[in-house]
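Subject: Structure for you to look at

Dear colleague,

Here is the structure I said I would pass on to you, and my notes on what was found in it follow underneath. Please keep it open beside the text as you read.

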Amino acid sequence: MERLGGFGSNRVASNVIPVLFGLLGVVITNVPISAFGSWIPAPMYALMPVYYWCLVRPDLMTPGWAFLIGFIHDIVSGEPPGLWAASFVATYAIIDKQRDAFAGLSGFGAILGFATATLVACSAHYVIFSLYHWHLMPVTGSIKEFAVTSILYIPVVVVLAYMHRRFVGPLRSEF
Amino acid sequence: MGNGSWKISRSRGRAHLPLTVVAVLAIFLVLLGKAQSSLFDRARTGVIDWMQPALEASRTPMETMGRWMGSIGNIFWVYQENLKLKEENARLKQWHNTAQVLTERLKRYQLLLNAVPDPALSSVVARVIGRANHPFLQTMILDAGKSHGAKPGQAVVDQRGMIGRVYLTGEHTSWVILLTDLNSRIPVSIEPNTDQAIMSGDNSPMPLIETLARGVELKPDSQVVTSGDGDILPAGIPIGVIVKDGSHYRVALFADQTTAQDVEIVDFKQKPEHPPSVGQQELPVTAAGLAPAAPQPQAATSQVMPVPPPVYKPPLPPGQKPAVVPQQGPANAPVNNAEPGDQ
């Protein structure tokens with residue numbers, strides 16, 4: 001399980017980078033200033049590292065970490081506990097099942113791949129929230145959230161890819 | 001950008017929780033949260049208290065960036081905006097003078113009528129350090145908590161009107177549920193007829209007016225204020241104006257929840273109101289010229305002894321023993337007004 005690139009001996013630091021980025025996404029999603037105002041909901045930044053490292057390094061982004069990031073998202077955002085955690089786990093399950101299909105995508109296809117994962121997360125959240133409150137919610141907010149998250153993945157994935165190449169790296173066993 | 005350019009790992013290691021276990025855990029967590037909604041409140045406030053420095057640190061650059069992005073578009077409209085603001089300022093000055101005159105007149109009327117003054121309000125100024133803008137949730141985090149006197153239920157207002165209510169307080173932070181949130185319910189009064197209603201959020205920018213009395217027709221642009229029912233919120237806090245929406249009425253809020261940065265937490269200390277004590281002459285029977293009914297025998301009324309009202313006993317001078325009062329109660333009732341040395 002040795003890996004290439006990154007800090008060399010400082011394996012722990014590079015191993016926690018995916019989770020740290022997930023937690024950073026939670027914080028950024030809940031900062032008080034929104035460039036889009038109230039018209040568009042905050043993007044789900046936390047889903048981006050979960051999706052990215054679930055594809056390229058699932059040993060670092062495990063279902064447990066996805067659950068924990070979702071749970072902290074629930075805690076920080078003030079939602080009932082478990083809603084985003086369950087949505088993230090459901091998304092993780094889909095990515096895990098279709099990893100070959102998702103990982104084979106490139107360019108615009110990669111964005112579509114993430115959009116599919118976002119659609120799963122938003123749909124799961126919508127369904128769980130509606131069941132939780134036993135009230136059918138308006139879908140407009142979820143559609144906006146899906147759209148803005150998918151679009152903002154384009155700049156964020158560049159940062160994630162740089163961090164992966166520079167600090168995390170692939171597994172040695174894959175070469 | 002493509003993911004295909006990287007080799008993917010299939011190994012997830014051995015020491016990790018399997019997906020099925022995590023999924024079951026997530027479902028259990030949802031059910032647990034539904035059954036005990038306040039179970040994670042302490043954890044939530046603890047996490048936010050812990051994250052407060054990070055949230056405050058991230059606030060400044062984001063605020064600068066937001067202001068910078070907003071100012072790009074404003075550059076082209078500065079002249080028109082300036083003219084509009086001057087006109088609005090002149091109009092507001094007129095209203096300010098009118099408000100001052102009316103306030104003085106109201107004070108005089110209250111003095112003449114010996115009216116009960118409004119309860120004193122104090123407030124804590126707090127900054128918004130977090131704002132959850134999610135599809136089904138609209139909350140704020142403020143940097144004032146229990147240590148600053150913030151308590152659940154208090155109203156949060158900005159310069160224009162009410163924004164929401166505090167629903168959870170940590171040591172240094174508070175959570176505010178916004179008026180537009182799905183879980184928000186506020187008793188309101190609609191002027192000029194002071195029609196009572198409940199304003200409920202539905203995640204749209206304009207909350208809905210509910211439980212309005214049958215047949216009441218509201219006029220658009222009627223002002224909506226808090227009614228103060230239930231002694232939870234002070235009465236008269238401006239909220240917004242009525243807007244007709246099909247067969248429903250909605251409230252266009254005065255306060256802009258998305259741009260509010262500095263807010264006030266209003267501390268409302270309404271003293272509990274007790275009914276005045278009724279004298280013998282004020283009983284309806286006595287007032288009608290009839291003799292009051294004779295007290296019924298103890299055994300016929302109830303087997304339960306009524307609790308006597310607390311009586312203030314002045315402190316005895318040193319050396320003087322209290323007089324023993326014969327008890328009217330049951331024989332086995334303890335007599336507590338004798339000093340231990342007397343027995």
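A:Met44 is buried in this predicted model, because 29 other C-beta atoms lie within 10 Å of its own, where 20 or more are enough for a residue to count as buried. The residue sits in the loop between α1 (11-29) and α2 (47-56) of chain A. If its neighbours within four places in sequence are left aside, A:Met44 is in contact with A:Thr29, A:Thr118, A:Ala121, A:Glu145 and A:Thr149. Of these contacts, the one with A:Thr29 joins residues that are 15 apart in sequence, and their C-alpha atoms are 6.4 Å apart in space.

Turning to chain B, you will find five helices and 12 strands there, and buried residues make up 25% of its 343 residues. Among the contacts in chain B with a separation of 6 or more, 54% are between residues 24 or more positions apart.

Helix α1 of chain B, which covers residues 19-35, has 17 residues and, at 1.5 Å a residue, should span 24 Å; the C-alpha atoms at its ends are 24 Å apart, so the expected and the modelled span agree. Which residues of α1(B) are buried? They are B:Val22, B:Ala26, B:Leu29, B:Val30 and B:Gly33, and because they cover an arc of only 95° around the axis, they lie on the same side of α1(B). On the other side of α1(B), the residues B:Thr20, B:Val24, B:Phe28, B:Leu31 and B:Ala35 are exposed. As for what covers the buried residues of α1(B), the list includes three helices of chain A, namely α3 (63-77), α4 (83-97) and α6 (108-133).

The strands of chain B deserve a separate look. Six of them form a closed barrel with antiparallel pairing, in the order β1-β2-β5-β4-β3-β12, and neighbouring strands of this sheet are turned against each other by 40° on average, with direction ignored. Within chain B, strand β3 (residues 155-157) and strand β12 (residues 262-268) pair in the antiparallel sense over three bridges, and if you would like a place to find this pairing on screen, B:Ala155 stands opposite B:Val266 in β12(B).

With best wishes

Terms used. Residues are numbered from 1 along each chain as its sequence is written. Chains are lettered from A and ligands numbered from 1 in the order in which they are written. This is a predicted model: local features need pLDDT of at least 70, side-chain atom pairs count only at pLDDT 80 or more; totals for chains, interfaces and linings use all residues. Helices (H or I, at least four residues) and strands (E, at least two) are DSSP runs, numbered from the N terminus. The expected span of a helix is 1.5 Å times one less than its number of residues. A residue is buried if 20 or more other C-beta atoms lie within 10 Å of its own, exposed if 12 or fewer, and partly exposed in between; C-beta atoms are placed from the backbone. The arc is that of the directions from the helix axis to the C-beta atoms. Two residues are in contact if their C-beta atoms, placed from the backbone, lie within 7 Å. Two strands pair if DSSP finds at least two bridges between them. Axes are lines fitted to C-alpha atoms, for helices over the stretch in contact, and angles run from 0 to 180 degrees between N-to-C directions.
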